[in-house]
Every structure is written in C-alpha cells, then in structure tokens.
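Me: I have just opened this one and would like a slow walk through it. Could you start me off?

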Amino acid sequence: MKYDIYLVGVGGQGVLTIGEIIGDAAIQAGIPANFYPTKGMAQRGGFVKAQLKLGRARVGPQIPERGADLVIGTELSEALKAVRYVRPGGEFLLYGHVWEPTAVMLGKAPYPTREQVLEQVQAAGATARYLDPAQLPTHDGRPVPINLYVLGAAVGQTALGGAGGHEPLLDVESVGRLIAGRWKRGVEANVLAFQAGAAGK
Amino acid sequence: METKILTGNEALAWGALRAGVRVVTGYPGTPSTGALERLLTMDLPGRHVEWSTNEKVAFEIAAGAAWAGHRALCTMKMSGVNVAYDSIISIAYSGVNGGLVIYAADDPGVSAGMCEQDSRGFALMSDLPVLEPSSVAETYDLIQVAFDLSERTGTPVFLRSVTALTSSSAPVQVDEPRPPAEREPILERDIARYTKAGAVICMNQHRDVIARLEKAGRIIDQLGLNVLRLAPVTGGLGIIAAGVVGSYLEEALEVAAGHGMDLDALSVLEVKATHPFPTQAVRQLLNHCSSILVLEELEPYLEQNVVIQAQRTGFSGGIVGKLEGPLERIGEYGQDQVLQGLSTALGLSLPLGQGNASINPEKLAAARPITVCAGCPHRGTFLAINQALRKLKLKRDQVMVTGDIGCTILGMNPPFDTVWNEVSMGASIGLAQGYVHAGLKNPVIATIGDSTFFHGGIPGLVNAVQHQVNLTLIIMDNGWTAMTGMQVNPGTADCFQPPFGRRVDIAAIVPALGVDHFFTMDPFDLRESTATVQRALELPGVKVILARQECAIQAIRQGKQAGSVRVVADKCNLCKLCIIATGCPAIDLGEDTIVIDPSLCYGCGLCAAICNRDAIIQEPV
C-alpha cells in the first residue's frame, strides 16, 4: 500500500525524528520507505520539512502538491506551508504549538489564528485533526516530548495506524516498542508521550 | 551483505569503502557534507580521510594520490566544483592511474542557498564522464562503477547527485568494505603527461582526454548503465529521463494511465551516465518513436544533443523538454514535471498537483527570518559594527559592509541588517576593495568567518595589503565551520584537530601578511568591541579585527557557559529593547518582565550590555 506523509515544523521540535521513526517502523514491517528531510540553514527555530513516501519499491523523494495522504504539522503558522501538499480527502494532523518569531512577539507582525489555519486545511479538502498543546501530558512535572506525542497521534488516530477502518500500515504496539528501545534516557516519558498521543488523550 | 538505512551521502561513503578507496578529501557544503562526515566517524586503518582547506586543495590531494596509483575520492557541493575546477580540467588532461572520483552534489530547488548550477556543464568542458544515480541505493552501486570506470579509462569521473538523493534515507544493501589495494606508490616522471609545458604537450593531452571519454562511453554501453526499454510497437512516445527524475516515472505513469495514456506504446531510456551523451541508445529511441520527451533537471544538456541526433537521423517528430517548453530550467523536478511533459507530448490534460489557485495558505503564515542562535558570538560583532557606525555619526545605509559565506551572513537579517551582500567564499574582501576604488568616501568594512577566511579569504587580504587599500576586515572566528554542521577547520582548537594535526592560528597569520593594524576583540564585550571597531574605522590603511569567541552551540556541547544572566524583576519595565536590539531566541516576553529561557541562554551577556536600566545582570559562572 502506498502512503505519503508530509511533515513541517520548526527546528528543535524534533519533527524530523517523527518521520525518521515512521520510516524505520515501516521498513521493519517490510514496507519500503524513502525519507527526505530538508533542514535549510536553520540550526534551531527555523522552518523544517520532511517528506516520507511509503510502500513503493521505486520512488521519487518528493511529494507533489495535493499528494500527501497525511500531513503532520507541529507549529501552527508553519503548518500553513504544508496545506498545499495534503490530498483532498487526506488527513491533516496539527499540533497547535505557537513559536512566535521576534517580530510577532514585538507586536510588529501578524500571526495566524487556529481558526484561520483550520479553515485553510478545510479549503484544501482535508480532514483536520487538531492536537491542543494544553493537553500535552507531563512526566515528573515536565512536559513530555512534543514529537513523540504527535507521533502517537499519527499512529493511533489516523489512517496510518488504521483509524477510520483503513488498512493499517503501522500499529501502536510495534512503533511503541521502537520508541522504548531508541533512546537510553527518558524511556518512561517517551513511552508516556507516545501512548497518550495514540490514545487521543 | 547487510541492509542499512542510509542517506544518499552515506551510501556514497559506504560504496567508496567497498571500492577500496584509500584517500578521501573534501570541503563541507550542503548537500554533500554527509558523505565525508560519515567516513570521519569510522575507524579506517590504511585510509586517509580529511576536510581540506578548500575544494581546490582537496581535489589536488585526491589527484596526487590517484597519480600515485591509488583510488581517491573528492567530495564537494556544486559551488565547490567552481573552486576546484582550475585543477580538475588540468588533471583531466593528464589523466590518472588510480581511480579518481569527484562527488559533486547539486542543489536544484536551492535548499541551502547559492547558485542553482548544473555541474554537468563542467564535465562537458573537461570531457569527463558523469554518472548520476536515480536513487539512494543506486548511489552505492554507481560510486563503485565510477571507480572502475576511472581506472579502466584513466580519466577522473564525476559522480553527480542532487539534494533529493543526498539527503534522503532509504534501505541499501551494503557489502563489507574492501581495503585499499596493496600497491607501492607509482613514481612516473613523464613531462609530456604531467605538465602543461608547451603547445604540443597541451594539444596532445587534449586529444587524449577526448579519447578517454570515448572509451568511457564504450565501457558504459558494455555495462548497460543506461537502460533502454523499447515498446513492442513503433510510433509511440519515447521518454529520456536523467538521474533522479527517473525515480518519478513509475508514479507519474500510474496517474497518466488512469487518464487515458497507453503505456504499451511507451519507450523509456533511463540515463544514469549522462556524459558522454548516449548517442546509440538515443538513436535507437528516435528510430522507434514518433515523439520524444526529455526529462532532466536544470540545464538542457541532454535535450540539446537529442535535437542534434534528431537532425542527423532525419527524425521529424516533436521533442518536448525545456528548449521549447513547457518544462523549466529552474527548480527541483518531481511527479508534476513528468506529468506536465507527458501532457504536452501526448496532448492529454493530466492532473497536476501544483497551481491550486483556490487556496493561498502561505499568505497567512508568519515570516520567520533566520537569525543567529542564542549565545552566538556573531551577534556581538554585528551589534558592535552598528554601534560604532552610530558613534562615528555614519548612516548605516551609507557604509558598505560586505558579507561572506557561512553563519556570518546572518548579519544581513533583522535585527542587525548589517551585512549587504553574499557572493562566494572569500569574496567579501575583494568586493570591499572594489568599493574603495570606486570612490566611496565612507569607510568600507568586510566581514568573513574563520573557515571562509582560510578557504578563500587570504589571497584577497594579501591583495589589499599589496595595493594598500583602506578597509577594515572583521574576521569572525568562532573556531568551527559551523553552518554546515560543525566541521573542524584549520583554526579549530588543537584538541579537536585530527591525530597528528595541529591548529593554524589566524592571529599569527594576519600580522605576518603585513596589515597596517591588527586588533583582537571579544564580541561578548560589547563596549570594548564597539570601541575597537570605531578605532579601526578611524585609522588609515588595511585594518584587521579578529573577533574571537567560540561558537556557542559547540561550547555548550563541551559543557561551557559564558556566564549566568538573570533579570532583575523590579527594574525591567518591559521596554523590549533587549529583544529589539539582539533578537536573541532565548528572550521571551513574560507578564511583567522579559523572561530568559535558561535552557537556551549561554550567558553571553549581550542583552545585559544593551539594557539601559540595569534590569539584566550577567555574572560569572
């Protein structure tokens, strides 16, 4: 089965890691994957994107506009740059984190509202799934990693993991195992983040 | 054999090891950096891997090893080919003994800045073969073919890739590395081959390099690198797809088939050796088909030759590409470009993803200009330049501050708006001299980073000294080649230099060049730095300021902190001056005061220096 995912966010959020883990999980499950991240020049706080194409033995790295089955956006304003890429009928997973550029912080430049962004997603013909940053769980009093929470939602709440009666490409258990074994530190917080996202909490 | 998930760059590195490469050199530059970087993380006894001072030096080292009979690889981004080219064409004329491969990574779509150049043009000019993979996994195979081809023909070979492949990761079947061949170095004294001494020698070598290219073409045909699939019936469409574009064919044809395209009448030539031109295969295609679609990113090098062959074979059908449209010479290609070409070639109306005019989501997105990191020492230098100009009552829009490649160019962006231009490695120093000779009355300032100074800045400074040009050069030395991901350069501290390597100190080089005035400054000390810049601008002659402070990202990785910064709550009135002036990502607006994020703050204290209410205090750690 072919399934293409377009990811956007801000450097430092770990958005590329989301794509990397989905790609690794797919390859483990015997699904071919090509993962194409673009970091630009930004060390931290700049726009980053990644394109993940699953299920084709021979594949071009880029996803065309209106081509992605799933878009994952981890920053409210940057998510707008991915709206063009979701296919009509596809899903748009939006974590509504706000990372204000300096000019916005100083009140000198506008920043989109959640409603504006969701309107654009709707105009593109996609189903929006909004994740409220206020719902991000904590572990030991600290917020859990955003990216693993969003990854959990991608696997647990979208067609990628079989939501809505689709044939699943990945399942929560095996991706959860991958996460538990990926980093030595913070295993509990990581697994909590992923599971909470997957459960839609 | 083992399956690894590798990037295109890493696949190249593993393939070179499998090919028994002995010497690997390069200069960092996106999108090529990851190849040599991967090799530097490995323990590779019997091989030599290094970041060289610039691409020309890197290529000469690789070429020397290949002349001595060993396999050598030189890696660079497309801009690096420009730097190395003087030696590339000369070595091409002489030929090589051991296999020599130039890994040039082009950046169609410009993911990382710089010109969108097509490096194949260089190969055309120097009669060198070019191999172009269409996937990450193919990179692993083709680099091995490139070494064999180079050794069998005695000519250097370009392995050209593009960002979409160098940065993509995918599963690759990897074999055990092979050690370099055990050969004594060849010492061959042959003036007619290894020098350019005289017309006869040079013209003979020109003849030789062309002959080697022709031989490479025959070997490429024998190896079947370019894959021709002719349709069972004649008279259909023939597609020629180069390198990465071939990887989009399957997807695009699926779409096209759903919209009435007859795939049975389709012939395809996938070109993985784009130079020399695959004349025989193209002629076969022309004889078999009634129209041709040429799909290649950037310049129409293949297409021009297809037109020539069409003329020679009396082909009368249409040739669709970019010479007569609809495809562009600009940007990265994907499924849409293939569909666009198919639409024109077949007179179909295939659905494209792009050009959805009914929505305009980007218009709502907040602008996010990139700026320097929290704790970046360049922030202090930009602030010091701006403050010094103000103290000298010079208007910012009347003082030329030339810029250079690397993190130092971020001074072009707000809140600094200090730097005016960016051309190529080291160009800031030459450009500044040109502005002086043009008759500017105000002082002229050039800015450059440490690695860029080593790479291409030194000749420009020598020129300024020789011709006694009034300018102020500020070398922003953060000790690392930072923008490409923290590579070690000649000026990096000794403890990070390669085994048996040693640091080259800019503070020792610059005075030795005979500059009129040499200053060093700590960019975290804003008052002193401003005074230093002001003093330099007031003096005549060639003035060089070395602004020295380690890259904060690297310093933090070593557990260092420049200081500890805190906000004095009852003094902060939220005037925002610190944010407006420094644009530091570690400072946020709180309810009653500004808030400094301790996880980002390096304690540089520049915000404290800017604050005019003593509301921010920097203390030693």
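Reply: What follows goes from the overall build of one chain to some single residues, the core, and the contact between chains. This is a predicted model, in which local features need pLDDT of at least 70 and side-chain atom pairs count only at pLDDT 80 or more, while totals for chains, interfaces and linings use all residues. Residues are numbered from 1 along each chain as its sequence is written, and chains are lettered from A and ligands numbered from 1 in the order in which they are written.

Me: ok, how many helices and strands are there in chain B?
Reply: Chain B has 21 helices and 23 strands, where helices (H or I, at least four residues) and strands (E, at least two) are DSSP runs, numbered from the N terminus.

Me: and why is chain B called as compact as a globular protein of that length?
Reply: Its radius of gyration is 28 Å, close to the 25 Å that the globule rule gives for 621 residues, so chain B is as compact as a globular protein of that length. The radius is taken over C-alpha atoms, and the rule is 2.2 Å times the number of residues to the power 0.38. Along the principal axes, the C-alpha atoms of chain B fill a box of roughly 85 × 70 × 55 Å.

Me: which domains does chain B have?
Reply: The domain assignment gives domain 1 (2-223), domain 2 (227-346), domain 3 (377-557) and domain 4 (564-619), with bounds that come from an automatic or database domain assignment. The C-alpha centres of domain 1 and domain 4 of chain B lie 50 Å apart.

Me: switching to single residues, is Met203(B) buried or exposed?
Reply: Met203(B), which sits in helix α9 (residues 199-223) of chain B, is exposed because it has 11 other C-beta atoms within 10 Å. A residue is buried if 20 or more other C-beta atoms lie within 10 Å of its own, exposed if 12 or fewer, and partly exposed in between, with C-beta atoms placed from the backbone.

Me: what about Asn82(B), buried or exposed?
Reply: Asn82(B), found in helix α4 (residues 78-94) of chain B, is buried, because 20 other C-beta atoms lie within 10 Å. For chain B as a whole, buried residues make up 54% of the 621 residues.

Me: which residues have the most contacts inside the largest nonpolar core?
Reply: They are Val150(A), Ala62(B) and Ile240(B), in a core of 251 residues. The largest share of this core, nine residues, comes from helix α6 (residues 136-153) of chain B. A nonpolar core is a set of buried Ala, Val, Leu, Ile, Met, Phe, Trp, Tyr and Cys residues joined through C-beta atoms within 7 Å.

Me: and what is Ile240(B) in contact with?
Reply: Leaving aside neighbours within four places in sequence, its partners include Leu269(B), Val271(B), Ile292(B) and Val306(B); two residues are in contact if their C-beta atoms, placed from the backbone, lie within 7 Å.

Me: last topic, how many residues does each chain bring to the contact?
Reply: Chain A brings 45 residues and chain B brings 40 residues. On the side of chain A that touches chain B, the largest share, six residues, comes from β2(A), and the residues of that side divide into 24 nonpolar, 13 polar and eight charged. Here Ala, Val, Leu, Ile, Met, Phe, Trp, Tyr, Cys and Pro count as nonpolar, Asp, Glu, Lys and Arg as charged, and the others, Gly among them, as polar.
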